[in-house]
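Student: Please pick one part of this structure and go through it closely. Explain each term when it first comes up.

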Amino acid sequence: MRKVFEVTQTVKGLGYHEKIAQLADWLRKAKRAMALTGAGISTESGIPDFRSPGTGLWEKVDPMAVLSVQALRRDPRRFYREGFSLFISTLESAQPNPAHQVLAWLEEKGFLAGVITQNVDGLHQKAGSRLVFEVHGHMRSGHCLQCRHHYDMQTIVDFLQKGEVPPLCTCGGVIRPDVTLFGDPMPPDFWRATQEAEKCDLLLVMGSSLVVAPANTIPELVERVAIINLGGTGYDYRADLIINEKASKALLDLKAELEKDLRRE
Ligand code: NAD
């Protein structure tokens with residue numbers, strides 16, 4: 001479990017560039033570090049997050065009414081028309097942004113062991129990250145609620161485009177995406193991710209409000225936590241370092257800082 005740790009005192013009052021330098025130093029010295037990402041890392045790829053003021057999806061839909069497992073069972077047509085369609089429309093064309101790319105670079109250079117993500121967009125893998133734990137599932141596939149037959153996402157999208165809403169399996173059951181909806185149990189990747197986090201001495205959180213449970217308990221498992229996020233998070237009171245900046249800018253600056261050393265080697 002996380003130690004009660006007083007580093008926050010030492011990083012208070014630092015300016016932006018000093019914080020980046022501090023984070024680079026922690027990454028160099030960490031025995032094992034992982035990143036924990038949320039929807040905010042993908043906003044610069046054109047995918048809205050849930051809670052950013054003005055653009056967050058929560059301002060458009062009531063999640064429990066359209067994106068919960070209860071909503072899917074109660075009214076699958078509405079789930080697809082009002083909930084699923086919001087996601088899929090932005091996901092299809094999205095490409096990784098510099099923040100995803102720098103995380104893949106950090107893994108390649110040995111600064112990070114991998115990424116734990118709450119995102120379902122697959123952009124970490126697209127950017128080249130190799131060890132990725134998807135604690136809320138993914139949008140690559142779906143399965144029938146009745147017989148569990150597997151469908152790839154393109155087949156599901158084809159059904160929807162032909163007007164088959166909700167998409168139905170040959171057995172007549174409703175097909176659902178392999179994402180973790182409100183009310184679903186956590187997938188095996190969540191439990192694997194918690195085991196990975198317990199092995200780490202540094203966690204770099206970015207683009208997450210850290211209010212969605214139980215993913216927001218992962219920082220508690222790690223001794224030292226640094227946060228890069230535009231807005232406040234549910235863990236700011238305990239974080240060791242907080243950088244309120246766009247993920248892509250902060251990560252590009254972090255990469256430049258780490259490269260100074262790599263060039264000297
Ligand atoms: P959230 O919407 O609760 O919080 C996102 C946070 O990111 C906010 O605090 C915001 O200030 C910050 N942010 C926005 N743009 C940023 C940027 N460019 N750089 C740095 N920070 C930025 O998201 P969450 O904590 O991930 O929790 C919501 C849930 O939403 C997750 O479970 C996730 O599965 C789901 N979700 C995923 C996607 C996706 O896959 N891309 C998109 C929307 C929602």
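Tutor: What follows is a look at one sheet, the helices against it and two of the loops beside its strands.

The model is predicted, so local features are used only at pLDDT of at least 70 and side-chain atom pairs only at pLDDT 80 or more, while totals for chains, interfaces and linings use all residues. Residues are numbered from 1 along each chain as its sequence is written, and side-chain values use heavy atoms, leaving out hydrogens and water.

The mean pLDDT (the predictor's confidence in each residue, from 0 to 100) is 92 for the protein, with 95% of its residues at 70 or more. Residues 1–10 have pLDDT below 50, and this stretch has 20 contacts (heavy atoms within 4.5 Å) beyond near neighbours in sequence. Where pLDDT is low, the predicted coordinates should not be read in detail.

Now the sheet. Helices (H or I, at least four residues) and strands (E, at least two) are DSSP runs, numbered from the N terminus. Three strands form an open sheet in the order 5-4-6, with antiparallel pairing; two strands pair if DSSP finds at least two bridges between them. Strand 5 and strand 6 are the edge strands, each pairing on one side only. From one strand to the next, the twist averages 40°; axes are lines fitted to C-alpha atoms, for helices over the stretch in contact, and angles run from 0 to 180 degrees between N-to-C directions. Strand 4 and strand 6 run antiparallel and are joined by four bridges. Gly137 has Val179 in strand 6 as its bridge partner.

Two helices belong to this picture. Helix 5 (residues 76–91) packs on the sheet, where it touches strand 4 and strand 6, and its direction makes about 45° with that of strand 6. Helix 8 lies across strand 4, strand 5 and strand 6, and runs at about 80° to strand 5.

The loops come last. Most residues other than glycine have a negative phi, and most peptide bonds are trans. Arg148, in the loop between strand 4 (137–144) and strand 5 (150–152), is not a glycine, yet has a positive phi of about 70°. Arg148 is exposed, with a relative accessible area of 60% (buried means under 20%, exposed over 50%, partly exposed in between, with a 1.4 Å probe and protein chains only). Pro166 sits in the loop between helix 8 (153–161) and strand 6 (175–179). Val165 and Pro166 are joined by a cis peptide bond, with omega about 0°.
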